[in-house]
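Colleague: I would like to go through the labels attached to this model and hear what each one rests on.

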Amino acid sequence: ARLGSAPVVMTGMATSFFAWHSAAITLRNAACIEASEYLHYGRLEDDRRPLLIISRSGESVEIRALLQSIDSQRHVVGLSEGRDNGLARRAQTLLSYEAREQSFWNTKSFLVSLSLALSLVGGMAGRRELAPDRWLTRLSDLLSTMLAEPVDGIAEAAGNIAKAGVSLYVARGHLLGIASNGAVDLQEGLRLAVLAFS
């Protein structure tokens, strides 16, 4: 509520940054800038807009440098896993979560970051339908239904991606951040050449 409809800057690194994509579409007065680009080219000394930062660890090098470079009075909203990290300690407003990843580092934390980011800007934009109590139960029902059905072709598709020289993920709108995250996960986790673009 404190941020209201004021212009804001959303930032993060890699998969955390991709979680802002849908939020930036929803909140039209937001600048969505990757953290290292903002750190090096963002004219930080003149920027007083509230800064919304997603970082799973809250300790990446660029995020730490960014937090040290901004005015000490600048309002920071942090979205981070846990409360004991640099971002959590610097943020005036903190949305923390626990993903408790079991197999791959970015799966749950990306989805939670995506949900928190969209819920946050939904509140800022007065979009009540984006509040978690409006969609979380419905999403749970849809996922349960989907997972109960046998899905044909998944193993074949995975084999084709693993054998391909390059795979292209084409997406648009709200799906572009998800496609970008999926591409980076496959690049980092499985060393596959996957590119995402609109």
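Modeller: A patch is made of residues with over 30% relative accessible area and no salt bridge, and nonpolar side chains are joined within 5 Å. Keep in mind that the model is predicted.

Colleague: Which residues form the nonpolar patch on the surface, and how much accessible area do they have together?

Modeller: Leu136, Leu139, Leu143, Met146 and Leu147 form the patch, with about 480 Å² of accessible area together.

Colleague: What makes Leu143 partly exposed?

Modeller: Its relative accessible area is 39%. Buried means under 20% and exposed over 50%, so Leu143 falls in between and is called partly exposed. Leu143 lies in helix α7, residues 132–148.

Colleague: Why is the pair of Phe17 and Phe18 called tilted?

Modeller: A search of the whole structure finds one aromatic pair. In that pair, Phe17 and Phe18 are 6.3 Å apart centre to centre, with 55° between the planes. Centres must lie within 6.5 Å, planes under 30 degrees apart count as stacked and those over 60 as edge-to-face; 55° fits neither, so the pair is tilted. Phe17 is buried, because its relative accessible area of 17% is under 20%.

Colleague: How do you know that Arg74 and Asp47 meet in a salt bridge?

Modeller: The N to O distance is 3.5 Å, and the cut-off is within 4 Å, so the pair qualifies. Arg74 lies in the loop between α4 and β4, and Asp47 in the loop between α3 and β3, so the salt bridge ties together parts that are 27 residues apart in sequence. Arg74 is buried at 3% relative accessible area, and Asp47 is buried at 6%. Asp47, Arg49 and Arg74 are linked in a network of salt bridges.

Colleague: How many salt bridges does a search of the whole structure find?

Modeller: The search finds seven. Among them is the one between Arg127 and Glu129, at 2.3 Å from N to O. Arg127 is partly exposed at 34%, and Glu129 is partly exposed at 40%. Another joins Asp133 and Arg128 at 3.0 Å.

Colleague: What makes Asp133 exposed and Arg128 partly exposed?

Modeller: Asp133 has a relative accessible area of 55%, which is over 50%, so Asp133 counts as exposed. Arg128 has 44%, which lies between the two cut-offs, so Arg128 is partly exposed.

Note on methods: Residues are numbered from 1 along each chain as its sequence is written. This is a predicted model: local features need pLDDT of at least 70, side-chain atom pairs count only at pLDDT 80 or more; totals for chains, interfaces and linings use all residues. Side-chain values use heavy atoms; hydrogens and water are left out. Patches are made of residues with over 30% relative accessible area and no salt bridge: like charges are joined within 9 Å, nonpolar side chains (Val, Leu, Ile, Met, Phe, Trp, Tyr) within 5 Å. Accessible areas come from the Shrake-Rupley method with a 1.4 Å probe; for residues, only the protein chains shown count as cover. A salt bridge is a side-chain nitrogen of Lys or Arg within 4 Å of a carboxyl oxygen of Asp or Glu. Helices (H or I, at least four residues) and strands (E, at least two) are DSSP runs, numbered from the N terminus. Buried means under 20% relative accessible area, exposed over 50%, partly exposed in between (1.4 Å probe, protein chains only). Rings of Phe, Tyr and Trp (its six-membered ring) pair if their centres lie within 6.5 Å; planes under 30 degrees apart count as stacked, over 60 as edge-to-face and the rest as tilted.
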